[in-house]
Amino acid sequence: MSTLILDRRHLLRLGGLALGASLAPWSAAFADARRLRRPAPLIMLDPGHGGIDPGCIGASGIYEKDIALSTAHEFARQLVASGRFRVKLTRADDEFVPLPERVARARAAGAELFLSIHADALPEERMRGASVFTLSEQASDREAAALAARENKADLVAGVDLSHHAPEVSDILFDLARRETNNESIKLARDLVSELGQRVRLLNHSHRSAGFAVLKAPDIPSALVEIGCLSNRQEEALLQSDVYQRRLATGLVQSVSDFFDRSAKI
Ligand SMILES: [Zn+2]
């Protein structure tokens, strides 16, 4: 169905080029109808750590798990207020949730985007700033192979039934889907760096990749945001302020909007 709609939109776009503005109202009507038919995209927010796991501990003793949770709640509030997105949290309070369970909750809910919220602690106290992580290709390959071996691949490529294909074909399709997800994650990370960078200080290396377990869903674009450094006293104080958390959340919401605007998923 989505393919059909996409084709229609492309045809309308081509038609619009050929016939000038005359098709524009129809194109807008199709876009409106598509928006009405489709539920708003579900964004899964993942406040890092929780329960017995405090995460890193700030210069004056503040816990990462608390900063991550309050920022995620503000992020959720602003996402819902935008009227464009639905939101779920992997944890809504001080709960310990194992890392694979966080990804499982996102996939079970049908999330279209996964954003994990953390705060950093760096060895050098003077270092401060937000940064964004995506899954490294190496980690992605290794993990995806293990995941594919464990699970039914048909379940991993949303909307594509691989069960009637030969194993070699489903391997290729699965790999294509995973690579496409990785590409989308990198675009998301660029949006995050760009929007956060207009509002808060960033680390010098603001986009990095690593083998984080929570970024390993092969079918959901995912990124992990370190919203700042608790090891820096000034930033630790900022991260506790409502004003700063609101500013961070505004940048995060704008990044999500940019991501969906560009990929025309809404
Ligand atoms: Zn963390």
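Leaving aside its neighbours within four places in sequence, which residues is Val103 in contact with? They are Ala213, Val214 and Ala217, and we'll come back to them below. First, the big picture: this is a predicted model, with a chain of 266 residues. Its secondary structure comes to nine helices and six strands. Here's a quick tour, starting with the chain as a whole and then zooming in on its parts.

**The chain overall**

- Buried residues account for 43% of the 266 residues.
- The chain has an accessible surface of about 13,200 Å², and carbon and sulfur atoms hold 56% of that.
- Take the contacts between residues at least 6 apart in sequence: 79% of them join residues at least 24 apart.

**The nonpolar cores**

- As background, nonpolar side chains in soluble globular proteins tend to be buried together.
- Here, the largest nonpolar core has 36 residues, and Phe75, Leu79, Leu115 and Val256 are the ones with the most contacts inside it.
- Seven named elements each give two or more residues to this core: β1 (42-47), α3 (64-81), β3 (113-120), β4 (130-135), α7 (167-197), β6 (222-229) and α9 (242-262).
- Helix α9 supplies the largest share, with eight residues.
- Phe75 is a good place to start looking: setting aside residues up to four places away in sequence, Phe75 touches Leu45, Leu115, Ile117, Ala249, Leu252, Val253 and Val256.
- Apart from that core lies another one, made of 13 residues, including Leu42, Met44, Phe133 and Leu224.

**Strand β6 and its partners**

- Strand β6 is mostly covered, with eight of its eight residues buried.
- On one side of the pairing list is β3, which pairs with β6 in the parallel sense over six bridges.
- If you want a spot to find in that pairing, look for Ser116, which stands opposite Leu224 in β6.
- Strand β4 also joins β6, through three bridges, and these two run antiparallel.
- Here the spot to find is Ser131, standing opposite Glu226 in β6.

**The zinc site**

- The zinc ion has three protein donors, His49 (NE2), Glu64 (OE) and His118 (ND1), and they lie 2.0 to 2.1 Å from the ion.
- Along the chain, the donors follow the spacing H-x14-E-x53-H.
- His49 sits in the loop between β1 and α3, while Glu64 is in helix α3, 15 residues apart.
- Both His49 and Glu64 are buried.
- For His49, the relative accessibility is 18%, so this residue counts as buried, given that the cut-off is under 20%.
- His49 has another quirk: a positive phi of about 65°, although it is not a glycine.
- For context, most residues other than glycine have a negative phi.

**Aromatic pairs**

- A search of the whole structure turns up three aromatic pairs.
- Phe85 and Phe260 have ring centres 5.5 Å apart and planes at 50°, so this pair is tilted.
- That pair links distant parts of the chain: Phe85 is in the loop between α3 and β2 (86-89), and Phe260 is in helix α9, 175 residues apart.
- Phe85 and Phe260 are both buried.
- Phe259 and Phe260 have ring centres 5.3 Å apart and planes at 85°, so this pair is edge-to-face.
- Phe259 counts as buried because its relative accessibility is 0%, and Phe260 is buried with a relative accessible area of 1%.
- Put together, ring pairs link Phe85, Phe259 and Phe260 into a cluster.

**Back to Val103**

- Val103 lies in helix α4 (residues 99-109).
- With a relative accessible area of 11%, Val103 is buried.
- Its contacts, leaving aside neighbours within four places in sequence, are Ala213, Val214 and Ala217.
- The C-alpha atoms of Val103 and Pro218 are separated by 10.0 Å, although the two residues are 115 residues apart along the chain.

Technical notes. Residues numbered from 1 in each chain as written. Predicted model: local features only at pLDDT ≥ 70, side-chain atom pairs only at ≥ 80, totals over all residues. Heavy atoms only, no water. Core = buried A, V, L, I, M, F, W, Y, C linked by side-chain atoms within 4.5 Å. Buried < 20%, exposed > 50% of the residue type's maximum accessible area, 1.4 Å probe, protein only. Helix = DSSP H or I, 4+ residues; strand = E, 2+ residues; numbered from the N terminus. Contact = heavy atoms within 4.5 Å. Areas by Shrake-Rupley, 256 points an atom, 1.4 Å probe, with all protein chains shown as cover. Donors = N, O, S within 2.8 Å, 3.2 Å for Na, K, Ca; no water. Phe/Tyr/Trp six-rings, centres within 6.5 Å; stacked < 30°, edge-to-face > 60°. Pairing = 2+ DSSP bridges.
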